[in-house]
Amino acid sequence: MEGLGVLFLAFVVLILIFLFFSFIPVGLWISAWAAGVRVPLITLVAMRLRRVPPAKIIYPLIKATKAGLDVRLDRLEAHYLAGGNVDRVVDALIAADKAGIKLTFDRAAAIDLAGRDVLEAVRVSVNPKVIQTPMVAAVAKDGIQLLATARVTVRANIDRLVGGAGEETIIARVGEGIVTTIGSANSHKEVLENPDRISKTVLEKGLDAGTAFEILSVDIADVDVGKNIGAQLQIDQAEADKKIAQAKAEERRAMAVAAEQENRALVEAMRAKLVEAQAQVPLALAEALRTGRLGVMDYYRLKNIEADTDMRESISRAAKPEGEE
C-alpha cells in the first residue's frame, strides 16, 4: 500500500510539473535571457492570462534586439491584440533598417493594420516591381485601331502606403494615358514609328499622385495594328443609310398604292353617278311625252339619230386595224 501511495504521489507531482511548465514558459524565458532580452517571468505569465501567446511576442522581440532595434515589449503585444502580424512588422523594420529606409514602428504597424504587406512594401522599395498592363485598344485619328501593352516599373512609397491607391489605379491611369496618346495622333504610323511618345506622355501626367507607388518608368512592350475602325464605321453608316432609303421608298410606294386605290374608288363613284344620270333620261323622256313638251315624231327622230350613231360607231370599230384600240 505504501508503494502505491508513493507512485500516486509521484504521478501527481509529474502532472503538476507538466502543468507548471505548460502554463509558465520557462524555456522561452531562458531563451530570451540567453539572447540578451530581459523579460521577467511574471510578464510571460501575464501574457498567458491576457490570452497572448508569449512565443509570438518574444521571438520577434529577440530578432529586433539582435538586429539592434529598440522595440518595446508592450507595443508588440498591443499590436498583436489589435490583430496585427508582429513577426511581419519586425521583419519589415529589420529590412528597412538594413536598406537605409526610414521606417518607424508606428508607421509599420499602421501599414500592417491597414491590410497591406509591410514587408513586401519594403522589398518593393528596395527592389522596384514591374507591373504588366493588359492589352489596351485605342483608335488614331485616321481610324486605325492600335493594341498596346506596357510595363510599368514602380517603387513602393512608404509614406503613402496608408490611404494610397494600389496597382489597379496605376494600371487604369497608364491605360488612360495610352488611349489619350494614340487618340491624339493624326496617323497610326506616327505611333508605330515613335512608341516612346506614349511613355513620355504618360510620365508627364504624374500618374502616381495619390497612389502607394512611385512610377520610375513606363516602357511600351508591344504595339499591334488592329481593325480599321474608321472604315467599319463608314460601312455601318452606309448600311444604315441604305436601310433608311429603302424604308422611305417603301413608304412612298405604299402611299402611291393607297392613292391609286383612292382614284379607283373615285372612278367607280363617278361611274355610279353616270349610270344614275343615264337612268334619269328615259324618265325625263316619258315625263316630256306626258306633258306634251315632246311629240311622238320628235321621239322617233331621236331614236333614228341614236341608231345612226350606233351604226357609225360599229363601222368605225370594224375599220380599225387588228390590235389597235
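## A tour from the core to helix H9 and Ser187

Start by selecting Ile58 and Val174: in the largest nonpolar core, which has 61 residues, these two touch the most other members. Now add helix H6, residues 86–99, which supplies the largest share of this core with seven residues. Keep in mind as you go that you are looking at a predicted model.

**Step back to the whole chain.** Colour by secondary structure and you will find 13 helices and four strands. Of the 325 residues in the protein chain, 28% are buried. Switch on the surface, and you have about 21,100 Å² of accessible area, with 58% of it belonging to carbon and sulfur atoms. If you draw a contact map, look away from the diagonal: among contacts with a separation of 6 or more, 67% join residues 24 or more positions apart.

**Zoom in on Val174.** Which residues does Val174 touch, once those up to four places away in sequence are set aside? Select Thr133, Ala150, Val152, Val202, Leu207 and Val218 to see them.

**Select helix H9, residues 167–184**. H9 runs for 18 residues, and the distance from its first C-alpha to its last is 26 Å, close to the 26 Å expected at 1.5 Å a residue. Next, highlight its buried residues: Ile170, Val174, Gly175, Gly177, Ile178, Thr181 and Ile182. Look down the axis: these residues lie on the same side of H9, because they cover an arc of only 160° around it. Turn to the other side of H9 and pick out Glu168 and Glu176, which are exposed.

What do the buried residues of H9 pack against? Show these elements one by one:

- strand E1 (129–132), strand E2 (136–139) and strand E3 (144–156)
- H10 and helix H11 (196–204)
- strand E4 (213–228)

**Finish at Ser187.** Follow the chain out of H9 into the loop that leads to helix H10 (188–193), and you will meet Ser187 there. Is Ser187 buried or exposed? Its relative accessibility is 19%, so Ser187 counts as buried, the cut-off being under 20%. Display its side chain and draw a distance to the backbone nitrogen of Lys189: the side chain of Ser187 reaches that atom at 3.2 Å. For your last selection, add Ala140 and Asp142, the residues in contact with Ser187 when its neighbours within four places in sequence are left aside.

Notes
Residues are numbered from 1 along each chain as its sequence is written. This is a predicted model: local features need pLDDT of at least 70, side-chain atom pairs count only at pLDDT 80 or more; totals for chains, interfaces and linings use all residues. Side-chain values use heavy atoms; hydrogens and water are left out. Helices (H or I, at least four residues) and strands (E, at least two) are DSSP runs, numbered from the N terminus. Buried means under 20% relative accessible area, exposed over 50%, partly exposed in between (1.4 Å probe, protein chains only). Contact means heavy atoms within 4.5 Å. Accessible areas come from the Shrake-Rupley method with a 1.4 Å probe; for residues, only the protein chains shown count as cover. A polar contact is a pair of N or O atoms within 3.5 Å; within protein, one must be able to donate a hydrogen and the other to accept it, and residues adjacent in sequence count only if both atoms are side-chain atoms. A nonpolar core is a set of buried Ala, Val, Leu, Ile, Met, Phe, Trp, Tyr and Cys residues joined through side-chain atoms within 4.5 Å. The expected span of a helix is 1.5 Å times one less than its number of residues. The arc is that of the directions from the helix axis to the C-beta atoms.
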